[in-house]
Amino acid sequence: MNENREIKPLALITGGHTGIGFGIAKELIQANFRIAIISETAVKDKSVQFALNKLGPLAHYYQHDLRDISNLSNLLDQIETNQGSIHSLISNAGVSPLVRGDMLQINEVSYDFVMDINLKGTFFLAQETARRILRQKIKFYRSMIFITSVSAEMLSKERAEYCISKAGASMMVKLFCARLSHEGIGVFDLRPGIIDTPMTSNVKEKYDKKINEGIVPAGRWGQPSDIGSVVLPLVTGKMAYATGAVIPIDGGLSLNRL
């Protein structure tokens, strides 16, 4: 194992080449982490190449579709061969419904698409990663960070399958916390609000209006860097005894207000 592997912890980030995941990756690179990014996007895609150029030699990219459960072991074998043991999983990748609209009109294709990635693929990747983390000789602080959403509790009738998936993901966090925390592995639920990313680009005008009307007390869109700055103390163990915490990163959007 080379010197870089010896002195730098490794974080695996799903969807780490764009949006929130890229914001997290940039923060961790600056903190001297090594990064393994997985996404279904082709490595030659401009977004992937841009991210790798910005992140530098400490970041590696692996193309993988989270719906492909059967190849998870091979994927993690490849990461461990190339970069060594994984110390932190940042489970960030997620998808919106294929079509927003009346929940009474949701079809099976859209429902399965969201659930297969946001719940099923997310769970089985976390399960296999946790197994491998438990086999390690402890050297760095170990953690599992799940990027869920304010939609785990705040409903959107036009995105019912997404809300259901995020509520399920939030329960997943609790379960992993109960299973892993006695091993010294921190598990956290981060709930972003309205974040300026490619996923929200098609509803920007809608949320610009809502933010101007005061839906977000902070008065602005969230940025991927807002999420990255919260992740850093979690993966470095500075909040270890807060394991299991649900952390809203939404500018006050989810506050109960009259």
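Buried means under 20% relative accessible area, exposed means over 50%, and partly exposed is whatever falls in between, using a 1.4 Å probe and protein chains only. By that yardstick Asp-77 is partly exposed, because its relative accessible area is 34%. Keep in mind that this is a predicted model, where local features need pLDDT of at least 70, side-chain atom pairs count only at pLDDT 80 or more, and totals for chains, interfaces and linings use all residues. Residues are numbered from 1 along each chain as its sequence is written, and side-chain values use heavy atoms, with hydrogens and water left out.

Let's stay with Asp-77 for a moment. Its side chain meets that of Arg-132 in a salt bridge, 2.8 Å from N to O. For the term itself, a salt bridge is a side-chain nitrogen of Lys or Arg within 4 Å of a carboxyl oxygen of Asp or Glu. This pair links distant parts of the chain: Arg-132 sits in helix H5 (residues 108-134) and Asp-77 in helix H4 (residues 72-83), 55 residues apart. The helix and strand labels come from DSSP runs, with helices (H or I) of at least four residues and strands (E) of at least two, numbered from the N terminus. Unlike its partly exposed partner Asp-77, Arg-132 counts as buried, because its relative accessibility is 8%.

Now for two salt bridges that involve loops. Arg-100 and Glu-158 meet through their side chains at 4.0 Å, N to O. Arg-100 is in the loop between strand E4 (88-91) and H5, while Glu-158 is in the loop between strand E5 (142-147) and helix H6 (160-180), so this pair ties together parts that are 58 residues apart in sequence. Both ends are partly exposed: Arg-100 has a relative accessible area of 30%, and Glu-158 comes in at 26%.

The other bridge runs from Glu-153 to Arg-191, with the closest N and O atoms 3.4 Å apart. Here the loop between E5 and H6 supplies Glu-153 and strand E6 supplies Arg-191, so parts 38 residues apart in sequence are tied together. The two ends contrast nicely: Glu-153 is exposed at 65% relative accessibility, whereas Arg-191 is buried at 10%. Back around the Asp-77 bridge, salt bridges that share partners join Asp-77, Glu-80, Glu-128, Arg-131 and Arg-132 into one network. The salt-bridge count comes to 13.

How do H5 and H6 sit relative to each other? Their axes come within 9 Å and cross at roughly 15°, and the two helices are therefore roughly parallel. The axes are lines fitted to C-alpha atoms, for helices over the stretch in contact, and angles run from 0 to 180 degrees between N-to-C directions. Angles under 35 degrees count as roughly parallel, over 145 as roughly antiparallel, 65 to 115 as roughly perpendicular and the rest as oblique. The residues of the H5 contact with H6 divide into 14 nonpolar, 6 polar and 3 charged. In that sorting, Ala, Val, Leu, Ile, Met, Phe, Trp, Tyr, Cys and Pro are nonpolar, Asp, Glu, Lys and Arg are charged, and the others, Gly among them, are polar.

Helices H2 (residues 19-30) and H3 (residues 46-55) make another pair, with axes that come within 10 Å and cross at roughly 20°. H2 and H3 are therefore roughly parallel too. On the H2 side, Phe-22, Ala-25, Lys-26 and Ile-29 meet Phe-50, Ala-51, Lys-54 and Leu-55 of H3. These residues divide into 6 nonpolar, no polar and 2 charged.

Two single residues round out the tour. Gln-49 belongs to helix H3 and is partly exposed at 33% relative accessibility. Leaving aside neighbours within four places in sequence, Gln-49 is in contact (heavy atoms within 4.5 Å) with Val-43 and Lys-44. Gln-49 and His-17 are 32 residues apart in sequence, with their C-alpha atoms 8.6 Å apart in space.

Thr-197, in the loop between strand E6 (185-192) and helix H7 (204-212), is buried at 12% relative accessibility. Which residues does Thr-197 touch, not counting those up to four places away in sequence? They are Gly-19, Ile-20 and Pro-224. Gly-19 is 178 residues from Thr-197 in sequence, yet the two are 4.8 Å apart in space, C-alpha to C-alpha.
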